[in-house]
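Visitor: I am new to reading protein structures. Could you walk me through this one, a step at a time?

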Amino acid sequence: SRAGRWSDGWLSLDFDALSATRGTDVRAERLSITPNEYKLLRILTENAGNILTRQRLLERLWDSGGNFVDDHTLTVTMNRLRAKIEDESHPYIRTVRGMGYIWTGEQI
């Protein structure tokens, strides 16, 4: 895998080109993902298998631009992202109650 990319053969993310697809090569669906969602995906995929606390995600995502985003906005963004990238047989983001989130996808 190259830096700036993540793929498991079904979900393909290119953080440099800001493009994402899901599905097999023959029927890959192009996803419409916002810059904040890409930022969130990058943090999650770079820390795959580790719990990322909500606090840490909030700090990494939005504080750098000076835009404060509350806890609720993180939840909404995470839910939107899940709806875009996941389906029944391809779960990627696991919620750890009271803690945060874990990226469970296995890169190939």
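**A guided walk**

Guide: Gladly! Keep in mind that this is a predicted model. Let us start with one pair of residues: R22 stands opposite E29 in β4.

Visitor: How many bridges pair β3 and β4, and in which sense do they run?

Guide: The pair R22 and E29 gives us a place to look, with E29 sitting in β4. Between β3 and β4 there are two bridges, and the sense of the pairing is antiparallel.

Visitor: What is the order of the strands in the open sheet of four strands?

Guide: Begin at the edges: β1 (5-7) and β4 (29-30) each pair on one side only. The pairing in this open sheet is antiparallel, and the order is β1-β2-β3-β4.

Visitor: Which strands of this sheet does α1 touch?

Guide: Helix α1 packs on the sheet, and its direction makes about 110° with that of β2. The strands touched by α1 are β1, β2 and β3.

Visitor: Does the length of α1 fit a helix, or what should its 12 residues span?

Guide: Helix α1 covers residues 35-46, and we count 1.5 Å a residue. The expected span is 1.5 Å times one less than the number of residues. The end C-alpha atoms of α1 are 16 Å apart, which agrees with the span that its 12 residues should have, 16 Å.

Visitor: Which residues of α1 are buried?

Guide: For this we need a cut-off: a residue is buried when its relative accessible area is under 20%. In α1, the residues that count as buried are E37, Y38, L40, L41, I43, L44 and T45.

Visitor: Which element gives the largest share of the largest nonpolar core?

Guide: This core has 25 residues, and L11, I85, I93 and W103 touch the most other members. Two or more residues come from each of β2 (11-14), α1, α2 (54-62), α3 (71-85) and β7 (100-103). The largest share is five residues, and the element that gives it is α1.

Visitor: Which residues is W103 in contact with, leaving aside its neighbours within four places in sequence?

Guide: W103 is one of the core members that touch the most others. Leaving aside neighbours within four places in sequence, the residues in contact with W103 are W6, L11, L41, L44, T45, A48, G49, I85, Y92 and I93.

Visitor: Which strands stand at the edges of the open sheet of three strands, and why is one side of each left without a neighbour?

Guide: The order in this sheet is β5-β7-β6, with antiparallel pairing. Each edge strand has a single partner strand, so one side is left without a neighbour in the sheet; the edge strands are β5 (52-53) and β6.

Visitor: How many bridges pair β6 and β7?

Guide: These two strands form a hairpin with three residues between them, and G98 in the turn has a positive phi of about 75°. One bridge joins T95 to its partner Y101 in β7. The pairing of β6 and β7 is antiparallel, and the number of bridges is four.

Visitor: At what angle does α3 run to β6?

Guide: Two helices help us here. Helix α1 packs on this sheet, touching β5, β6 and β7, and makes about 70° with the direction of β7. Helix α3 lies across β6 and β7, and its angle to β6 is about 145°.

Visitor: Is L61 buried or exposed?

Guide: L61 lies in helix α2. Its contacts beyond four places in sequence are N36, K39, L40, I43 and L74. L61 and K39 are 22 residues apart in sequence, yet their C-alpha atoms are 6.7 Å apart in space. With a relative accessibility of 1%, L61 counts as buried.

Visitor: And L18: is it buried, partly exposed or exposed?

Guide: L18 lies in the loop between β2 and β3 (19-22). Its phi is near 50°, a positive value in a residue other than glycine. The relative accessibility of L18 is 45%, so L18 counts as partly exposed.

Visitor: What distance separates the C-alpha atoms of H90 and W10?

Guide: H90 sits in the loop between α3 and β6 (93-96). The side chain of H90 makes a polar contact with the side chain of S89 at 3.2 Å, and H90 is also in contact with W10 and I85. H90 and W10 are 80 residues apart along the chain, and the distance between their C-alpha atoms is 8.3 Å.

Key
Residues numbered from 1 in each chain as written. Heavy atoms only, no water. Buried < 20%, exposed > 50% of the residue type's maximum accessible area, 1.4 Å probe, protein only. Core = buried A, V, L, I, M, F, W, Y, C linked by side-chain atoms within 4.5 Å. Contact = heavy atoms within 4.5 Å. Polar contact = N/O pair within 3.5 Å; in protein donor to acceptor, adjacent residues only side chain to side chain. Pairing = 2+ DSSP bridges. Axes fitted to C-alpha atoms, helices over the stretch in contact; angles between N-to-C directions.
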